[in-house]
Amino acid sequence: MAGNSTHILGISAYYHDSAACLVRDGVIVAAAQEERFTRKKHDAGFPRNAINYCLREGGITTAELNYVAFYEKPFVKFDRILHSYLAYAPRGIHSFLKAIPLWIKDKIWMKAELQKELNFEGKIIFPEHHESHAASAFFPSPFQEAAFLSVDGVGEWTTTASGVGKNNTVEIAEELHFPHALGLLYSAFTYYTGFTVNSGEYKVMGLAPYGEPKYVDLILREMIDLKEDGSFKLNMKYFNYGVGLTMTNDRFDKLFGGPARKPESRLTRRDMDVAHSLQVVTEEIMCRMARHVQRQTGMKKLCMAGGVALNCVANGRILREGIFEDIWIQPAAGDAGGALGAALLVWHQYLGKPRQTDGLHDTQQVSHLGPRYHKEEIRRFLQSGNIVFEELSDEELTPKVADMMAEEKVVGWFQGRMEFGPRALGARSIVGDARSRKMQEVMNLKIKFRESFRPFAPCVLREHVDEWFGMRPNEDSPYMLLVAPVLEKHRFPLSKPAVR
Ligand SMILES: [Fe+2]
């Protein structure tokens, strides 16, 4: 299988969302997140299972790997952490003491660690964190040239990077640096509204439509010095992440009239208004950044990655504002996708291999890049667990599922290869009838045991998309990364979110 091919293994690890990706001669063979094997959400450990899976899928062993690419530069990151603790000393001593032993043990010895873990003696390449994000956004995109925008919490020092991808290179032109990060601002409010930082951000986005933009002026006046070009400085007197183990502090609480919501406690009007206001501010910053990048680069297309690029509501607004003709967003926009970006960066930029696109199709393969299970394996699994099952032909299956959905039943849909990235894209999805008024609540509360307000994505045939949504005829949105408004005539009034 290996022959004369060049195999590059990309790895993200040790922060959150560890993942691995195998690229063969520039083609993505496999990509998966470690959490899908360990069942530990956002597993940050060494992605042993994901790596083994990728090698298996590629039919190779570690000995046949030509390069390993790690998604960031561990030394630069260590330098940033050390400097920010020193800048805030002695306030940060507690978190310093907590973080440093971890760094010394696991992180700064990354090269030796990777060599040992993989039993690999070849070349290991460490692109910068945002180079990996930018590469993950541009290289699989359908565009031959495009601007890119990478926005997240923090990589090494950089929190936002923009520039141009052209043919087989990505080049960062502008950056914003720690502690001024849109991702961290969003995370601070995620913490404040009682959700888990680094994973609950999309719940804040889901809660936003239920609130009013009551605090927009307050946030812009007190917390952010936002410039016309989308660059900004956060007023660090309200945040604690530079030094502490929490995101926000007493001054933050005072500004919004009370302490952070306790996780799992009742959601209040204030939480919804705070979420809505934050979302408005985020969209404003993202749009300003996008406009600035467009002006600077003159490009007609935009590629995006970084955790903030999972904010599909903001992405939808950038698209609707017509700042760029078209946008492509890496489905694994968070740090997991760094594994994919790092591997492609080695192929195109480090090895100088050409890249050709047709301007229409991406090379992400619907992000169905994970493990698949054959019928026989599934049958054996069901039998070993004494699970009642019935086998249907494809001809029988579709009408049966359609009937069940029409009866307001909820269906677990499992087929083909698992998605790479946080969104279920028809391979491991829960599906229900969107016409049912109770479906959102039934699914959330009974099936997934989660907050009732959390949104679902609609699935509609391409030729009907503009009959239902504020989208262009035949416009594609295969990755659940662009939110478009439902046309006025189809809207129901918003029900109040039930409280857990
Ligand atoms: Fe990142």
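So, α9 and α11: these two helices are oblique to each other. Their axes come within 8 Å and cross at roughly 60°, and that angle falls outside the ranges that count as parallel, antiparallel or perpendicular, which is why we call the pair oblique. This is a predicted model, by the way, so please keep that in mind throughout. Helix α9 covers residues 216-223, and it passes α11 in a right-handed crossing.

Who actually touches whom there? On the α9 side you've got V216, I219 and L220, and they meet S277, L278, V280 and V281 of α11.

Okay, stay on α11, because there's another helix to look at. Helix α11 runs over residues 269-297, and it also packs against α12, which is residues 312-320. Here the angle is about 45°, with the axes 9 Å apart, so α11 and α12 are oblique to each other as well. The crossing of α11 over α12 is right-handed. If you want to find that contact on screen, look for Q279, V280, E283, E284, M286, C287 and A290 in α11, which meet V313, A314, R317 and I318 in α12. You may have spotted V280 in that list; V280 also turned up among the residues meeting α9.

Now pick one residue on α11: I285. Is I285 buried or exposed? With 0% relative accessibility, it counts as buried. And what is around it? Setting aside its neighbours within four places in sequence, I285 is in contact with L182, I224, L226, G230 and F232. Take G230 from that group: I285 and G230 are 55 residues apart in sequence, yet their C-alpha atoms are 5.3 Å apart in space.

Let's move over to the metal. Which residues hold the iron ion? There are two histidines, H129 and H133, each using NE2, and two aspartates, D152 and D335, each using OD, at 2.1 to 2.3 Å. Along the chain, the donors follow the spacing H-x3-H-x18-D-x182-D. H133 sits in helix α6, residues 129-138, while D152 is in the loop between β6 (145-151) and β7 (158-166), so that pair ties together parts that are 19 residues apart in sequence.

What about the geometry of the site? The 4 donor atoms give angles of 89 to 169°, and the site is irregular. To count as tetrahedral, all angles would have to lie between 85 and 135 degrees, so the upper end of the range here rules that out. Both H133 and D152 are tucked away, too: H133 is buried at 1% relative accessibility, and D152 is buried at 4%.

One more residue in that part of the model: T159, over in strand β7. T159 has 0% relative accessibility, so it counts as buried. Beyond its neighbours within four places in sequence, the contacts of T159 include H130, S150, V151, D152, G153 and V154, and also L176, H177, F178, H180 and A181. So the iron donor D152 is one of the residues that T159 touches.

Last thing, zooming out to the whole chain. It comes to 17 helices and 14 strands. Of its 500 residues, 52% count as buried. And take the contacts between residues at least 6 apart in sequence: 68% of those join residues at least 24 apart. The pair I285 and G230, at 55 residues apart, gives you a picture of that kind of separation.

Terms used
Residues numbered from 1 in each chain as written. Predicted model: local features only at pLDDT ≥ 70, side-chain atom pairs only at ≥ 80, totals over all residues. Heavy atoms only, no water. Donors = N, O, S within 2.8 Å, 3.2 Å for Na, K, Ca; no water. Tetrahedral: all angles 85-135°; square planar, octahedral: opposite > 155°, others 65-115°. Helix = DSSP H or I, 4+ residues; strand = E, 2+ residues; numbered from the N terminus. Buried < 20%, exposed > 50% of the residue type's maximum accessible area, 1.4 Å probe, protein only. Contact = heavy atoms within 4.5 Å. Axes fitted to C-alpha atoms, helices over the stretch in contact; angles between N-to-C directions. Parallel < 35°, antiparallel > 145°, perpendicular 65-115°, else oblique. Left-handed = near helix turned anticlockwise from the far one by under 90°.
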